[in-house]
Amino acid sequence: MLKPLKHCSRCILPETAPNIAFDEKGVCNYCRSYQNFEYRGENALARILNRHRNPQKKYECIVNISGGRDSAYALLKVKKDYNMKLLAVNYENPFTDTQAKKNIKNMVKTLDIDLVKFKLNSQIHETCFRNNLIAWFKNPSPAMVPMMCIGCKIIWKNILQIAKRYDISLIINGGNPYEYTSFKKELLNVSREADLKSTYLKNLTGLVKESLKNYLYLMPQYLPVLFKGYLFSNQYSIGSRLYSRNIERIDLFHFIRWDEKDIVSRITKELKWDYPRKLKSTWRFDCKIGHLKDYMYIKTLGMTEKDDFYAKMVREGLMTREETLSRLERENEIHLDIIKEIFTQLGLSTKLIST
Ligand SMILES: [Zn+2]
């Protein structure tokens, strides 16, 4: 029988987390160096929103939506609570979950919001992801799991182009501050406490260094995609900043408290939002690749992004240790059927996947 994993006595992170160390009380170094997230407050948000209100304009801001819970809540909040004239933007990710697509349809209809959808040219997302997937299975490494998300690292330029086309000067995102996972940075030797703004360059440099160990990630035909990913990987990256000097980009949950119960309850009631019940989790089902990443992390690290995310919630006092352990036991299930769907969609043999 396998020896059960040791977990931090405070936050539940397992002993397999990268660079983890426990003190004599069994508390991990992630806990000891953790700093609670400080919100900027709703007044600061109101000031920014007011600056972009404009009776002459058709739209005052963009809200990016994926069909997942946080962006659904951002849409609801910005439209209903803050009464902004907004345009919803959705990247038609080829791996979007069916329920996420239904959610998008329902929420723009319920809130009577205009929606712009866009795709990437010439199946670049599928082909580049397929390449990275093959590379990963050749030499499985937890540090390279983020390469599975390369497709979504190149969409920021498109979003900024849409903002320019519609003369919109504010873009609002719904990412939450606890899901900037720490262990992924540790895998690339970037400090786990560094924030999104300051680490994107280091993260990407780390990924490039790791890629050099496995040349399959660096196939010449995909280098332009990697480069674009480097420039536009998020709203704060160098390409995004240079390309959008007059467009302000903010994260809703840097201002107002991210409250899981309130989010799920409001979007369910007010937007008919739902999640695939068989997954037993409302988090990150919107893109099917998430399940593949869970599989990859379980196989190489014995944990998933949920361990890291929930550990943060424990440190923030948002969940108890016991609640977290039982949720992880329920939610850290590998969904092989969905992973196989991805392989089939890409025309790959499912033999690579081990149970
Ligand atoms: Zn801990």
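## Core and helix packing in a predicted model

Cys 61 is in contact (C-beta atoms, placed from the backbone, within 7 Å) with His 52, Val 78, Met 84, Leu 86, Ile 168, Leu 170, Ile 171 and Ile 172, leaving aside neighbours within four places in sequence. This is a predicted model: local features need pLDDT of at least 70, side-chain atom pairs count only at pLDDT 80 or more, and totals for chains, interfaces and linings use all residues. Residues are numbered from 1 along each chain as its sequence is written.

**The core.** Cys 61 also belongs to the largest nonpolar core, which has 84 residues. Such a core is a set of buried Ala, Val, Leu, Ile, Met, Phe, Trp, Tyr and Cys residues joined through C-beta atoms within 7 Å. A residue is buried with 20 or more other C-beta atoms within 10 Å of its own, exposed with 12 or fewer, and partly exposed in between. Cys 11, Cys 61, Ile 62, Val 63, Ala 72, Leu 75 and Ile 172 have the most contacts inside the core. Helix 3 (residues 69-81) gives the largest share, 6 residues. Helices (H or I, at least four residues) and strands (E, at least two) are DSSP runs, numbered from the N terminus.

**Helices 3 and 4.** Ala 72 and Leu 75 of helix 3 return here. Together with Leu 76, Lys 79 and Lys 80, they meet Asn 103, Met 107 and Leu 111 in helix 4. The two helix axes come within 11 Å and cross at roughly 5 degrees. Axes are lines fitted to C-alpha atoms, for helices over the stretch in contact, and angles run from 0 to 180 degrees between N-to-C directions. That angle makes helix 3 roughly parallel to helix 4, a label for angles under 35 degrees. Thr 98 lies in helix 4. It counts as exposed because it has 10 C-beta neighbours inside 10 Å. Thr 98 and Lys 288 are 190 residues apart in sequence, yet 9.5 Å apart in space, C-alpha to C-alpha.

**Helix 11.** This helix (residues 260-271) has 12 residues. Its C-alpha atoms span 16 Å from first to last, close to the 16 Å expected at 1.5 Å a residue; the expected span is 1.5 Å times one less than the number of residues. Ile 263, Ile 267 and Leu 271 are buried. They lie on the same side of helix 11 because they cover an arc of only 15 degrees around the axis. The arc is that of the directions from the helix axis to the C-beta atoms. Lys 261, Asp 262, Ser 265 and Lys 269 are exposed on the other side. The buried residues pack against helix 3 and helix 4.

**Helix 6.** In helix 6 (residues 156-165), Trp 156, Ile 159, Leu 160 and Ala 163 are buried. Their arc of only 95 degrees puts them on the same side of the helix. Their cover includes strand 1 (61-64), strand 2 (86-91), strand 4 (170-173), helix 9 (223-232) and helix 10 (238-243).

**Positive phi.** Three residues with positive phi are listed here.

| Residue | Phi | Place |
|---|---|---|
| Ile 12 | near 80 degrees | segment before helix 1 (29-32) |
| Asp 167 | about 55 degrees | just after helix 6 |
| Lys 272 | about 55 degrees | just after helix 11 |

Ile 12 counts as buried, with 21 C-beta neighbours inside 10 Å. Lys 272 is partly exposed, with 14 other C-beta atoms within 10 Å. Lys 272 sits in the loop between helix 11 and helix 12 (289-301).

Terms used:
Contact = placed C-beta atoms within 7 Å. Parallel < 35°, antiparallel > 145°, perpendicular 65-115°, else oblique.
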